[in-house]
Amino acid sequence: MTQLVRFKIKPELVELFLTIKGTIMSRKSSFISLFAGLLAANLTVGAALADGEVNIYSSRHYDTDERLYSDFTKQTGIKVNLIEGKINELIERLKAEGVNSPADVMITTDAGRLFKLQDDDLLQKTESAMLNERVPAALRHPEGYWFGISKRARVIFYNKETIANPPATYADLADPQYKGLVCARSSSNIYMLSLLASQIANNGADAAKTWATGLLANFARAPQGGDTDQLRGIVSGECDIAVANTYYFARALRKDVSNLSGSTDKIGWVFPDQDGSGTHVNVSGAGITKTAPNAENAVKLLEYLTSESAQNYFAAGNDEYPVVEGVALSSSVQQLGTFKEDDLGLEKLGINQAGAQKIYNEIGYK
Ligand code: FE
């Protein structure tokens, strides 16, 4: 467990110590009093620590995280304990710990995963007027089980030298004119599941299946690698068109990403469906665990994560968009330009996740 903030002695504890010391000096003979005083001191110290911390299980790690959480401690006096890991490991750990889990807050990427946490009955509702005001309705659970804290879009990238007429919509990705040109990652990846889930929510399961079938027929190669590898495929010439999240490209603009940075001039991008329902967006998000021992502090942490400074840190750390209106974009993200986003409530991505997996299985998209 990473302790981000050193223990600070609170004035009330000093006062308590002086009271006990006074008791010792004036009533040396009374061991009973001394014992009672020490017991009370112990209980008070225990309570003060329990009241003053919040425990986060996070599948996100970025260099700015430590500064993000130490600022929270500076503002509130609440100590942050952070455990990082892969989301499935964190979920298993939370389940195994049961009611004794120290975890207060789960942070992970993709609404599909946040849905899974809620579906497994691991989260509790959070009542916060501040969160409801700052986080747009589409980017949080309608009953408050989780809240988006940074946003990404899943868009189309293409080779500007070989593709004169890039796809303008997700539907276009399935158009036979792009046969043998499109790259995307495996269907078992949550991003591809959520993208198809959004197609089901917007167009119905039959249309979504037709679309996925057309997409599969246009593949340049068997699905492989992560989003960065789809972009590298454009650089290497294996792919002319690729589907990837915005931050993978923005990251390559900001810092060195091997076999990609230095060749980004070759790559164009399209925010799909600008004349229709808008581009598919998703979030990194957070929810309070059902068994949170420090639920009040957890609410404060979530509220802090929607503050302007935290939004800057959190989104910029991964080249994502803030979820809160009016917060400035980092310079790498600014380069991508503005776009109209799909305002589909993201809980629908979770609701339609099983249906999406079924379609991918049926059509043989591995
Ligand atoms: Fe990612």
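This is a chat between a learner and an analyst about how to read features in a predicted model.

User: Let's start with the whole chain. How many helices and strands are there in the chain?

Analyst: The chain has 15 helices and eleven strands. It holds 366 residues, and 52% of them count as buried. Keep in mind that this is a predicted model.

User: And how do I read contacts along the chain?

Analyst: Look at how far apart the partners sit in the sequence. Of the contacts in the chain with a separation of 6 or more, 79% come from residues 24 or more positions apart.

User: Now the metal. Which residues are the protein donors of the iron ion?

Analyst: Start by finding the atoms that reach the metal. Here they are the OH atoms of Y191, Y247 and Y248, which lie 1.9 to 2.0 Å from the iron ion. Then check the spacing along the chain: the donors follow Y-x55-Y-Y.

User: Is Y247 buried or exposed? And why does Y248 count as buried?

Analyst: Y247 is buried, with a relative accessible area of 2%. For Y248 you need the cut-off: buried means under 20% relative accessible area. Y248 counts as buried because its relative accessibility is 13%.

User: Okay, helices. What should I look at in α3?

Analyst: Begin with length, then see which residues are covered. Helix α3 covers residues 65–76, twelve residues, and reaches 17 Å from its first C-alpha to its last. That is close to the 16 Å expected at 1.5 Å a residue. Its buried residues are D65, L68, Y69, D71, F72 and T73.

User: What do the buried residues of α3 pack against?

Analyst: They pack against three strands, β2 (53–58), β3 (79–84) and β4 (105–109), and against the helices α11 (295–305) and α12 (308–316). Just after α3 comes G77, with a positive phi of about 80 degrees.

User: How covered is α11 itself?

Analyst: Mostly covered: eight of its eleven residues are buried. Among them are N297, A298, V299 and Y304.

User: You mentioned β4. How do I read a strand like that?

Analyst: Check its two faces, then its partners. In β4, five of five residues are buried. V105, I107 and T109 sit on one side, with M106 and T108 on the other, and both faces are covered.

User: Which strands pair with β4?

Analyst: β2 pairs with β4 in the parallel sense, over three bridges. Y57 stands opposite M106 in β4. Strand β10 (residues 281–289) runs antiparallel to β4, and five bridges join the two. V105 has I288 in β10 as its bridge partner.

User: Can we zoom in on one residue? Where is I149 found?

Analyst: I149 is in strand β6, which covers residues 147–159. With a relative accessible area of 1%, I149 is buried. For its surroundings, leave aside the neighbours within four places in sequence; I149 is then in contact with I107, S284, G285, A286, L305, Q311, F314 and V323. Another thing to look at is distance: the C-alpha atoms of I149 and L139 are separated by 8.4 Å, and these two residues are ten apart along the chain.

User: And for contrast, where is G237?

Analyst: G237 lies in the loop between α9 (227–236) and β8 (241–245). G237 is partly exposed, with a relative accessible area of 46%. Its C-alpha is separated by 8.3 Å from that of N159, although the two are 78 residues apart along the chain.

User: Last topic: empty space. What is the general idea?

Analyst: Rolling a probe the size of a water molecule over the atoms shows where empty space is left. In this model the largest pocket has about 430 Å³ of space. Elements giving two or more residues to its lining are α4 (87–97), β4, α5 (111–119) and α7 (190–203). The largest share, five residues, comes from α4. The lining has 18 residues, and I87, N88, I91, R113 and I190 lie nearest the pocket's centre.

User: How many cavities of 30 Å³ or more does the search find?

Analyst: Two. The largest cavity has about 40 Å³ of space. Its lining includes R152, S194, H280 and Y191, and Y191 is also one of the donors of the iron ion. β6, α7 and β10 each supply at least two lining residues, and the largest share, three residues, comes from β6.

Definitions and conventions: Residues are numbered from 1 along each chain as its sequence is written. This is a predicted model: local features need pLDDT of at least 70, side-chain atom pairs count only at pLDDT 80 or more; totals for chains, interfaces and linings use all residues. Side-chain values use heavy atoms; hydrogens and water are left out. Donors are N, O and S atoms within 2.8 Å of the metal (3.2 Å for Na, K and Ca); water is not among the atoms, so sites may look incomplete. Buried means under 20% relative accessible area, exposed over 50%, partly exposed in between (1.4 Å probe, protein chains only). Helices (H or I, at least four residues) and strands (E, at least two) are DSSP runs, numbered from the N terminus. The expected span of a helix is 1.5 Å times one less than its number of residues. Contact means heavy atoms within 4.5 Å. Two strands pair if DSSP finds at least two bridges between them. On a 1 Å grid over the protein atoms alone, a cavity is a set of points where a 1.4 Å probe fits but cannot get out, and a pocket is an open set with protein on both sides within 12 Å along at least five of seven lines; lining residues have an atom within 4 Å of a point. Grid points are joined across faces, edges and corners, and a volume is the space filled by probe spheres set on the points.
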